[in-house]
Amino acid sequence: MSTARPIDVRCARDRLIDLLGLGETTPIRDVNVQEAQLTVNVGAPCEIILDPAQAGVRYELFDGDAPVVPACSVDGTGEKAVLKGPIIDRVDKTFRIHAKKLDPLTRETFLFQTATVKVGLATDLPVSTPEIAEVPRLVDHGSRVLVSISGSQAGATYGLIDGAGSPIPMTPPERVSGNKDGAITLTARRVTEDTVIRVDVQRTFDEGEGRAPLHAVLTAALPIAVRADRDLVVSAAGSPVLPQGSATITIAGSQPNVLYSAHVRALSTVDFVPDAGSALVAIAVPGTSGVEVYTPRPPALWQAPAGSVQHGDAMPGNGGVLELGVGPLLDDSIVVVQARKIHTVAGASLESAVQLEQAAVVPVRPEPASPLVLQISANADGASGTLLVSGGQPGVFYHFYPSNEASELGLPAYFHRRDERAPSMNKGIAATEPEGSDKGPRRGLRVEMDLVITRDPPAPAALDPAHVRPLDPLVDIAPLPLGGAVDVMAIKARTGIGWVAKRSVTVTPVAEEAPPSELGAAPEPAATAP
């Protein structure tokens with residue numbers, strides 16, 4: 001490459017030749033085009049330095065074979081000259097420098113050296129989330145987030161970072177290159193916490209160009225609010241429980257920035273019956289050998305289940321196992337957990353709530369001191385009687401054994417349990433389907449007039465049975481000696497959970513019209529299922 005001194009000498013020589021009219025000279029072609037224009041920011045003009053710019057020569061910038069528009073030129077003075085170029089858009093440019101004598105001969109040529117202008121990084125590109133239209137942007141835990149960039153630059157690569165500048169994992173993991181069309185899409189693989197998505201842009205050059213790598217962050221910021229994680233392990237500790245007892249619901253992997261609350265609903269018979277027409281989730285009942293409860297899949301957003309009641313206050317997660325107490329419980333119950341989160345997006349508060357995917361079932365044992373009434377109705381032989389059972393807990397089977405014997409007295413006594421949620425499960429008087437039901441034909445018996453049902457109307461028979469208390473229902477149990485004792489075992493019909501040890505009760509024969517004697521106090525049942 002020529003130095004400034006020889007060019008100065010040659011310029012002086014050419015001026016002397018022109019002045020004396022000894023010949024015709026053309027512009028010197030090996031003028032040094034300095035590499036001061038290594039990189040130009042998008043939207044900024046470029047500058048090209050000519051050193052020295054030959055006196056009496058006009059230098060003009062060409063894009064290929066045509067002058068740039070608007071025209072860019074400078075007249076040389078024998079010193080360093082700055083040729084101000086056009087605004088640089090989003091692509092690299094290589095300019096030619098046209099040199100033209102200002103004397104009447106107008107000799108012209110192109111300099112040997114060209115001016116290559118590398119475009120810098122544009123940081124004002126439009127950025128959006130095409131799959132999330134609403135603002136603030138609220139997504140489920142673990143969601144992928146698509147980020148669309150318009151006007152990307154060829155030669156640059158783009159990646160995702162969070163507000164702290166840490167990389168956000170992408171799918172695929174490689175950075176995405178800009179292209180001449182400008183539109184590209186980046187995908188955040190899995191967002192789990194509230195974050196601000198930013199776009200990182202980089203550009204590197206060949207080592208021979210002597211240009212330093214470029215790095216910038218786009219101006220646009222995309223705040224993302226993330227709902228609580230639904231997929232946590234929920235279980236019930238301390239179940240089955242006694243009536244009026246409490247259980248502990250454990251949540252593994254609780255999130256510190258989430259509030260958890262337990263919502264409890266008593267189970268009904270229909271919850272133990274799978275419905276093929278619905279999307280249900282089966283939950284194993286602890287303390288049993290294979291009983292399951294069927295519940296609808298949780299909705300996308302929190303909706304308190306019908307009939308549920310919150311037990312206790314909401315508790316913040318601790319990053320590990322969180323315990324929520326529920327109780328007192330009177331009946332078999334299902335517990336669902338609400339996970340509520342308060343987000344701060346662009347300085348404003350936003351609340352979201354979801355139901356955890358897993359629910360827990362807490363079975364409750366039969367009442368240890370139920371109002372069960374036992375009575376012996378004497379048979380004709382005067383030496384034995386039939387056991388009269390009344391006042392049992394609905395939904396419970398009562399098994400009776402001769403005292404200290406293993407053989408059961410006949411069939412167990414069962415006290416029917418009405419199901420308010422599913423009338424089709426009810427049997428007996430007025431146990432019918434509600435109007436408009438699509439469950440098929442009506443079941444049970446409906447009577448459209450006053451009805452009295454009684455067993456063995458008391459004497460005198462002429463009394464109006466509508467005004468006389470009917471006798472207690474008779475459970476047909478094998479005859480047992482008058483004045484004997486029986487052992488009682490109570491078992492929940494739906495879960496099979498009951499008392500482990502039989503409860504011995506002395507039964508005394510009573511007159512037909514005498515009030516029945518209640519089951520006496522008994523020790524608490526053991527805490528395991530039979």
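Before you click anything, one term: a contact here means heavy atoms within 4.5 Å. This is a predicted model, in which local features need pLDDT of at least 70 and side-chain atom pairs count only at pLDDT 80 or more, while totals for chains, interfaces and linings use all residues. Residues are numbered from 1 along each chain as its sequence is written, and side-chain values use heavy atoms, with hydrogens and water left out.

**The whole chain**

Start with a cartoon view. The protein has one helix and 37 strands; helices (H or I, at least four residues) and strands (E, at least two) are DSSP runs, numbered from the N terminus. Of its 530 residues, 40% count as buried. Buried means under 20% relative accessible area, exposed means over 50%, and partly exposed is in between (1.4 Å probe, protein chains only). Among the contacts with a separation of 6 or more, 66% are between residues 24 or more positions apart. Switch to a surface and you are looking at about 27200 Å² exposed by the protein, with carbon and sulfur atoms supplying 55% of it. Those areas come from the Shrake-Rupley method with a 1.4 Å probe; for residues, only the protein chains shown count as cover.

**Stop 1: H98 and its surroundings**

Select H98, which lies in strand β8 (residues 93–101). H98 is buried, with a relative accessible area of 9%. Now show its surroundings: leaving aside neighbours within four places in sequence, H98 is in contact with R58, Y59, E60, F62, E108, T109 and F110. Which side chain does H98 join through a polar contact of 2.8 Å? The partner is the side chain of E108. A polar contact is a pair of N or O atoms within 3.5 Å; within protein, one must be able to donate a hydrogen and the other to accept it, and residues adjacent in sequence count only if both atoms are side-chain atoms.

Keep F110 on screen and add R96. The charged end of R96 sits over the ring of F110, 3.8 Å from its centre. The criterion is that NZ of Lys or CZ of Arg is within 6 Å of the ring centre and within 35 degrees of the ring normal.

**Stop 2: two cysteines**

Next, select C46 and C72. A disulfide is a pair of cysteine sulfur atoms within 2.5 Å, and a search of the whole structure finds zero of them. For C46, the nearest cysteine sulfur is that of C72, 7.1 Å away. Why is there no bond here? The sulfur of C72 is 7.1 Å from the closest cysteine sulfur, in C46, which is too far for a bond. C46 is buried at 0% relative accessibility, and C72 is buried at 8%.

**Stop 3: aromatic pairs**

The structure holds three aromatic pairs. Rings of Phe, Tyr and Trp (its six-membered ring) pair if their centres lie within 6.5 Å; planes under 30 degrees apart count as stacked, over 60 as edge-to-face and the rest as tilted. Select F397 and Y414, a tilted pair at 4.6 Å centre to centre with 35 degrees between the planes. F397 lies in strand β32 (residues 396–402) and Y414 in strand β33, so the pair ties together parts that are 17 residues apart in sequence. F397 is partly exposed at 29% relative accessibility, and Y414 is partly exposed at 37%.

Then add Y398 and F415, an edge-to-face pair at 5.8 Å centre to centre with 80 degrees between the planes. This pair links Y398 in strand β32 with F415 in the loop between β33 and β34, 17 residues apart. Are Y398 and F415 buried or exposed? Both Y398 and F415 are buried.

**Stop 4: R494 and L267**

Move to R494, in the loop between β35 (485–492) and β36 (503–506). R494 is buried, with a relative accessible area of 17%. Its side chain reaches the backbone oxygen of L267 at 3.3 Å, and a polar contact of 3.4 Å joins the side chains of R494 and D332. Beyond its neighbours within four places in sequence, R494 has contacts that include S268, F272, V291 and R417.

From L267, jump to D419, in the loop between β33 (413–414) and β34 (480–481). The C-alpha atoms of D419 and L267 are separated by 9.5 Å, although the two residues are 152 apart along the chain. D419 is buried at 2% relative accessibility.

**Stop 5: backbone checks**

Most residues other than glycine have a negative phi, and most peptide bonds are trans. Select V69 and P70: the peptide bond between them is cis, with omega near -5 degrees. P70 lies in the loop between β5 (66–67) and β6 (73–75). Another cis peptide bond joins S239 and P240, with omega about 0 degrees. P240 is in the loop between β20 (234–237) and β21 (245–251), and Q244 is also in the loop between β20 and β21. Q244 is not a glycine, yet its phi is positive, about 70 degrees. Q244 is exposed, at 53% relative accessibility.
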